[in-house]
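I opened the model today to go through its fold and a few chosen places in turn. These are my entries, in the order in which I looked things up.

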Amino acid sequence: MKKILTILALTTLTLSAQAKVRLPHLIGDNMVLQQQTDARLWGWAQPGKTVKVSTSWSKETASAKADKQGKWLVKVKTPKASYEPLSITFDDGEPLTIKNVVAGEVWVCAGQSNMEMPVKGFWMCPVKDYNQVVIDAANHQGVRSVKIPSVMRSEPQDDAQCEWRECSPKTVGEFSATGYFFARTMHQALDIPIGLIEANKGGTRVESWLTKENLQKYTSDPTDSVEICKKWDKWDYHRSLLWGNGTFNPILNFTVKGILYYQGCSNVGDPGDQYSQRMKLLVEQWRSQFGLGEIPFYFVQIAPYEYDGNVNAISGALLREQQYKAAKIIPNSSLVCINDLVYPYEFTQIHPTQKQQVGERLAYTALNRDYGFEGLMYKSPSFKDMQVKDDAIFIHLEDNYHTDAPFEGMEGFEIAGEDKVFHPATARHFWQEGGGYWDEAIKISSPEVKHPVAVRYCFKNFQIGNVKNAGNLPLFPFRTDNW
């Protein structure tokens, strides 16, 4: 009899556990909801059960019936951003309440290791001014983040073991450095909660995040998990599909403002325009999967680095060129240049220490384009056009905000003649009274090249230039040739 009662008690407990609504880990205490929108909330319950969702900020309730797999999803109207703690109750007969929720702005932090790199740095890879960042963290408790564990899965996952964390001197070291400096600047400018969803993995290729359908249609990569593992048996972080299934898919129901992306190092060496086209494909895929329209996509150009063990080779420069092209063909996107954010001794450091300015430049982009800060200069200058006259090349730049700096001592330019041999060049401001089109430009010349035909700027794996605009933002590396 005692044994029967024990079995009945266990059965009752099991049924009770099954009856209680279950939420994905991404929906929980301390989370940030995207403000003033129809935010999606979802989870699991017994098939056919009705789940009622009520919130502390509204008298309205939402409800949905769990499908045959037990899945349900509702949308709730979220309030204007504030630091007021909110709560949400999910009830399928047994209520479950999450607390200390706030409304604010939510951004995804995607990509590879330079996005994954935490404020405390990696082993042998520090983040500049770490101690000061820890001290200052107490001023940014409105910043919160959630780290999706970097895992591979053969099938798309709809949940991940994670939890939201509030910024403090104790926790800030674990935040994505690039993401945190973005959020900190946004917090300073907007004075509202900022939420980061960190879904990234060091070493991944752009193909690591593509779906099975897109890989089959647009690439030659295998899509069978066994074949994927065979192809990249040594470097698992290069594997296609599996990282997206395990690390990114769990966040796709969450309502976000936009995506920040820092990746590209593992695609150096890709042929032709392959990378720019696959970047465009990935953005289209993510926008379709989120189902939130043409959400902003702001990404970072890879920093100078000694790819292939050669600072003077151009494999890295060609990838940066592909990123620049991608920004031109991806709607509602913008590329951040960081050619100046490495130290001369970091030519073998794939994780440069200066992460603060990377995050800040992403924030300047978002603040200008999405939050009304029109006075912010967020665009890096880029090559516009050129004219050859005698023994010099004269160039104009776009997005320089009427300033090409420094006034003297510009560094990073090379020119070549018909022999296609590039030589270091002298570059200086050129101005001549008279009102002609070329009266104000940058004049580039070299005594080694009497009849120049092409110019390059920092078009090497590792070359640091010093040309900037009025926003103190660096000139994008470029070339005028196609050699």
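**Entry 1: the whole chain**

I began with burial and noted that 55% of the 483 residues of the protein chain count as buried. I keep in mind throughout that this is a predicted model.

I then counted the secondary structure and found ten helices and 21 strands in the protein chain. For the overall dimensions I took the C-alpha trace, which spans about 105 × 50 × 40 Å along its principal axes. I also checked the radius of gyration, which is 26 Å for the protein chain, and this agrees with the value near 23 Å that a compact globule of 483 residues would have.

The accessible surface of the protein chain comes to about 21,700 Å², and carbon and sulfur atoms account for 50% of it. Looking at contacts between residues at least 6 apart in sequence, I noted that 72% join residues at least 24 apart.

**Entry 2: strand β12 and its partners**

I turned next to strand β12, residues 297–300, where F297 and F299 point one way while Y298 and V300 point the other way, and where all of these residues are buried. In a regular strand the side chains alternate between the two faces of the sheet.

On one pairing I found strand β11 (residues 258–262), which runs parallel to β12 and is joined to it by four bridges; here Y262 stands opposite V300 of β12. Following the chain from β11 to β12, I passed through helix α8 (residues 274–290), and this β-α-β crossover is right-handed.

The other pairing I looked up is with strand β13 (residues 333–336), again in the parallel sense and over four bridges, with S333 of β13 as the bridge partner of F297. From β12 the chain reaches β13 through helix α9 (residues 315–329), and this β-α-β crossover is right-handed as well.

**Entry 3: helix α8**

I went back to the helix between β11 and β12 to check its length. The 17 residues of α8 should span 24 Å at 1.5 Å a residue, and the end C-alpha atoms are indeed 24 Å apart, so the two values agree.

Which residues of α8 are buried? I listed Y275, S276, R278, M279, L281, L282, V283, Q285, W286, R287 and F290. An α-helix has 3.6 residues a turn, so residues three or four places apart point the same way. Just after α8, I noted that G291 takes a positive phi of about 65 degrees.

**Entry 4: K128**

I looked up K128 and placed it in the loop between α2 (113–116) and α3 (130–136). Is K128 buried or exposed? Its relative accessibility is 35%, and because this lies between the 20% and 50% cut-offs, K128 counts as partly exposed.

Leaving aside neighbours within four places in sequence, I found K128 in contact with Y343, T353 and Q354. For T353 I noted the separation too: K128 and T353 are 225 residues apart in sequence, yet 5.3 Å apart in space from C-alpha to C-alpha.

**Entry 5: the four-stranded sheet**

Last, I traced an open sheet of four strands in the order β17-β16-β20-β21, with antiparallel pairing. Its edges are β17 (422–424) and β21 (478–479); each has a single partner strand, so one side of each is left without a neighbour in the sheet.

At the β21 edge I looked at the pairing with strand β20 (residues 454–457), which runs antiparallel to β21 and is joined to it by two bridges. The bridge partner of R456 in β21 is R479.

Technical notes. Residues numbered from 1 in each chain as written. Predicted model: local features only at pLDDT ≥ 70, side-chain atom pairs only at ≥ 80, totals over all residues. Heavy atoms only, no water. Buried < 20%, exposed > 50% of the residue type's maximum accessible area, 1.4 Å probe, protein only. Pairing = 2+ DSSP bridges. Right-handed = clockwise from strand over helix to strand, strands pointing away. Rg over C-alpha atoms; globule rule 2.2 N^0.38 Å. Contact = heavy atoms within 4.5 Å. Areas by Shrake-Rupley, 256 points an atom, 1.4 Å probe, with all protein chains shown as cover. Expected span 1.5 Å × (residues − 1).
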